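Trainee: Could you take me through the aromatic rings in this model, and then a few other spots worth a close look? I am new to this, so please explain the terms as you go.

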Amino acid sequence: MSPEIVGIIGIVLLLSLFFLRMPVAFTMALVGFIGFAYLNGIQSAMAILAQDIYETLSSYPLSVIPMFILMGSFAFASGISERLYQTCYTWFGHIRGGLTVATVVACSGFSAISGSTAATAATMGKIALPEMKKYGYDDKLATGTVASAGTLGILIPPSTVLIVYGILTEESIGKLFVAGILPGLLLTLFFVITVILICWKNPQFGPPGPKTGFMEKIISLSGIIEAIILFILTIGGLFLGWFSPTQAGAIGAAGALMIGIVRRKLTFKKLFDSTRDGLRTACMVMFIITGATVFGHFLAISNIPFALAEWVGNLPIPPMAVMMVMIGIYFIGGFFMDSMALIVVTIPIFFPVVVKLGFDPIWFGVIIVLISEMGVITPPVGVNVFVIKGIAPDVPLEKIFRGIFPFLGALIFLLILIVLFPKIATLLPGLITY
Amino acid sequence: GGAQAKTIELKISNYFPPPSGQSKIMVQFIQELEARTGGQVKVKYFDGGSLLKAPATIKGVETGIADIGLSHIEYTAGRFPVMEACELPLGFATGWVANQIMNDFFNKFKPKEFDKFKILWWHANSPSVLITTKPVRNIEDLKGMIIRAPGVMGDIIQATGATAAPTPVSETYDAISKGVVNGVFTPFETLRTFKFAEVAKFVTVASPINTSYPFFIAMAKEKYDSLPADVKNILDTLSGQYRERMALMWNAIEFPGKNFGKEMGVEYIELSSEEEAKFQTAADKVVEDYVKKMIGNGFPEDEIRGWLKYLKERSAELLELQKFYQVKSTVGPSEVR
Amino acid sequence: MTFLDKFEKFNRKISMSMEWVGVAALFLMMIITTVDVIGAKVFLKPVFGALDIMAIAQLLAMSFAVSATLILGRHVQVEFFVMLLPDKAVAIIDCIVNALGFLLFVLIIWRLFAFGHDLNIDGEVSSTARIPLYPFAYGAAVACIPACLSYLYMFIDSIKKVIKK
Ligand code: NA
Ligand code: NA
């Protein structure tokens with residue numbers, strides 16, 4: 001059997017076990033292990049299983065995820081998120097879907113702190129989901145929104161995906177970051193429009209609240225003070241160079257903890273319980289990333305990426321058509337692989353093709369990030385969807401997956417725009433003189 | 001039939017990104033290996049860490065995840081204590097010298113810690129320089145600065161009076177640009193490859209604290225022994241050639257890095273001999289700490305001092321050799337500039 | 001109470017107790033980073049080996065939580081397909097899946113012990129504080145044992161269900 005066939009059988013086995021209700025994290029690890037054993041021997045498969053578990057769980061760059069999740073847990077337990085959403089409701093509650101629009105904007109703001117989609121989705125999910133539920137918002141809309149808007153974490157800088165892309169391709173990370181800003185803002189806008197359209201078509205999804213008076217609005221503003229303090233602490237510290245994005249999560253968690261203590265909202269019991277709850281979410285996310293790593297290594301040695309690159313590189317069609325094929329491959333690859341694993345495996349193979357065809361590497365970086373964003377929400381392996389499922393255990397997984405589809409549409413729309421008008425990505429970096 | 005020998009598939013792992021000089025040379029090595037064996041050896045090549053990330057490489061080679069791997073010994077701190085002598089600040093003048101001396105040291109002392117491996121060849125980065133956001137004109141300027149430097153490099157940085165931070169390399173650019181760290185201790189090439197020149201505008205060369213990592217191209221001994229004699233022969237010959245080419249490569253990629261820095265307006269600072277002496281004191285401290293640590297590990301002091309003596313003498317000889325061959329470097333005495 | 005019930009109860013208790021080790025480790029991660037950041041920026045004295053401690057604490061936090069999260073059903077799984085099937089089929093499927101989960105965790109525990117053994121033999125230490133790494137690999141292996149036992153319990157339980165129906 002050729003390695004490519006083994007790779008495809010592996011994907012089929014993965015999907016089958018998913019449907020048989022095996023936890024996705026363990027399925028990916030198991031199928032990755034079996035496939036690796038078949039292709040490369042049982043000894044090396046056993047070695048890579050232990051190695052991937054140990055390395056992923058002890059990876060310092062990944063600590064951004066548990067730390068931001070902890071921040072979300074503390075913000076929830078301290079009532080920061082509750083008061084923030086009360087204020088939002090007072091201001092925008094009378095508009096259909098007003099809270100969801102506010103959530104998209106909040107995700108966009110939070111993206112400026114976090115470099116990771118999983119961290120953004122987990123933190124914002126913890127903060128926003130219970131509140132939207134309280135105000136009678138539809139589960140599918142609420143979970144779909146947070147899973148999708150969480151992806152902004154890697155388009156609006158800082159972004160771990162762009163850093164990895166920059167290192168793998170030796171492109172300027174600074175320029176890549178700047179290139180992400182305009183598309184990031186556009187995507188925020190498109191997500192907002194998506195929410196408004198959904199609520200316009202389905203009025204019961206984001207039921208409007210009572211109209212509030214001007215004075216009531218002004219008074220309610222006190223509710224966002226803590227959230228603003230927390231935001232200034234993390235983003236201010238980030239820009240003043242007190243700490244890195246990885247460290248910002250821990251500082252944010254400590255900040256939320258302090259606010260909870262000062263406001264006498266956090267008893268010892270609540271503190272322990274919320275840390276434990278954060279730990280459970282973080283554990284779930286980190287094991288998914290671990291499983292995805294093992295599975296990614298199996299796909300890497302399955303030769304599929306190489307075979308595809310060779311095929312694409314030799315296609316007798318114009319460069320733009322090749323680019324379309326490549327985008328299609330990334331889109332489909334994103335179904336099965338974690339975005340980071342996909343990029344690490346494929347960029348070394350595909351990037352030379354991109355350069356040879358004369359495309360702008362910075363522009364391609366933005367395209368890659370957009371497709372990665374799709375990958376973390378598309379079924380069957382959609383890490384952000386899994387994260388949201390972990391936070392909202394009572395919402396069925398397939399409901400969340402259905403919830404992301406309109407946002408996937410918005411992402412595809414932006415992708416088309418950037419392909420048609422590359423300036424959206426290249427305008428700002430072009431202004432940088434270095 | 002029968003004349004056609006069985007194809008041997010070798011998986012080669014390299015954590016460097018594809019556009020780097022290191023990766024380009026690996027690709028040439030692979031192409032030549034396949035060509036010279038007449039297709040008997042078929043290589044599956046994984047770069048950019050797509051199969052094994054840098055810290056996982058040596059174990060991955062040991063366990064057969066890959067057959068040949070490129071990485072350096074500091075990623076598995078403590079595992080290769082004897083070879084760690086080669087990353088001490090013993091003043092290897094240039095990248096070319098550092099590359100040669102790693103091989104010479106290994107061949108002379110044959111450390112037991114590599115018994116499971118066949119090291120095809122050693123190589124080394126050019127000496128690290130101080131790439132900073134504020135000028136370092138004397139050692140006192142380092143006080144209060146936070147410099148990204150992990151492991152032994154960090155010990156060296158601490159000894160100069162600065163504060164060392166082991167920031168992951170993927171976060172360093174961002175950390176410098178925001179001021180989380182005030183600089184980084186890496187070779188000139190990183191000005192371009194990691195784009196440090198965009199965010200740090202001063203470079204200080206302090207030759208007494210010159211250090212390089214011992215990089216290996218390693219194979220599991222068992223795997224190597226299992227190869228047919230003719231393939232072993234070809235592999236050995238190529239290893240000898242590529243050892244030299246890689247030394248020249250590491251040395252040569254410094255120039256585009258330095259030029260890129262110049263274009264970005266980076267100021268290059270050279271130290272006076274009095275200032276260099278102060279850095280020498282810092283370097284000596286790190287070397288003595290190593291000696292103490294190794295005595296603690298049960299090595300006789302004479303033996304350790306013997307390694308250090310060899311490294312110092314051999315590096316001086318190699319520098320003369322470099323002058324003779326007229327290989328030019330970005331650092332080192334004026335004759336080799 | 002049958003032996004199987006006692007086994008399950010005991011296992012649950014162990015998992016929940018172990019989880020507190022994870023809670024402590026996660027909390028430590030936050031404290032270490034905060035102290036490190038303040039120390040580095042205000043006093044130019046970062047916590048020595050802060051990143052090493054973060055990595056180790058994270059390994060412990062995640063591994064010591066895995067058993068509890070498994071028992072509590074916090075690991076994401078796809079429900080809708082199985083829900084469409086008759087009970088008998090579901091019981092058989094659960095049998096297979098739980099057996100696979102059990103085997104996977106046997107493998108994970110065994111290999112993590114082997115990994116720790118190698119780290120010990122090779123003398124590997126963390127990059128800055130030079131902390132020996134093998135005890136933490138052993139710790140992660142031990143932390144996975146209740147998860148393995150849970151799968152064993154669920155496997156036996158699902159066999160019982162197949163037989164009953
Ligand atoms: Na971001
Ligand atoms: Na996906």
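Mentor: Happily; we begin with the ring pairs and then visit some single sites.

First, some ground rules: this is a predicted model, in which local features need pLDDT of at least 70 and side-chain atom pairs count only at pLDDT 80 or more, while totals for chains, interfaces and linings use all residues. Residues are numbered from 1 along each chain as its sequence is written, chains are lettered from A and ligands numbered from 1 in the order in which they are written, and side-chain values use heavy atoms, with hydrogens and water left out.

Rings of Phe, Tyr and Trp (its six-membered ring) pair if their centres lie within 6.5 Å; planes under 30 degrees apart are called stacked, over 60 edge-to-face, and the rest tilted. Over all chains, that rule gives 43 aromatic pairs. Take A:Phe68 and A:Phe110: their ring centres are 5.2 Å apart and their planes stand at 80°, so this pair is edge-to-face. A:Phe68 belongs to helix α4 (residues 64–77) of chain A and A:Phe110 to helix α6 (residues 98–111) of chain A, so the pair ties together parts 42 residues apart in sequence. Helices here are DSSP runs (H or I, at least four residues), numbered from the N terminus. Are these two rings buried or exposed? Buried means under 20% relative accessible area, exposed over 50%, and partly exposed in between (1.4 Å probe, protein chains only). A:Phe68 has 0% relative accessibility, so it counts as buried, and A:Phe110 is buried too, at 6%.

Now look at C:Phe113 and C:Tyr138, whose ring centres are 5.7 Å apart with planes at 40°, so the pair is tilted. C:Phe113 sits in helix α4 (residues 87–122) of chain C and C:Tyr138 in helix α5 (residues 134–164) of chain C, so parts 25 residues apart in sequence are tied together. C:Phe113 is partly exposed at 31%, and C:Tyr138 is partly exposed at 24%.

Rings can also gather: A:Tyr165, A:Tyr330, A:Phe350, A:Phe351 and A:Phe364 form one aromatic cluster. A ring may have a charge over it as well (NZ of Lys or CZ of Arg within 6 Å of the ring centre and within 35 degrees of the ring normal). The charged end of B:Lys108 lies over the ring of B:Phe109, 5.8 Å from its centre, and that of B:Lys258 over the ring of B:Tyr268, at 5.4 Å.

Next comes B:Ser329, found in the segment after α11 (301–325) of chain B. B:Ser329 has 3% relative accessibility, so it is buried. Its side chain makes a polar contact of 2.6 Å with the side chain of B:Asn251 and another of 2.9 Å with that of B:Gln322. A polar contact is a pair of N or O atoms within 3.5 Å; within protein, one must be able to donate a hydrogen and the other to accept it, and residues adjacent in sequence count only if both atoms are side-chain atoms.

Finally, visit the sodium ion (ligand 2), coordinated by A:Gly334 (O), A:Gly375 (O), A:Thr378 (O), A:Thr378 (OG1) and A:Val381 (O), at 2.3 to 2.7 Å. Donors are N, O and S atoms within 2.8 Å of the metal (3.2 Å for Na, K and Ca); water is not among the atoms, so sites may look incomplete. Along the chain, the donors follow the spacing G-x40-G-x2-T-x2-V. A:Gly375 and A:Thr378 are both buried.

Methods. Helix = DSSP H or I, 4+ residues; strand = E, 2+ residues; numbered from the N terminus.
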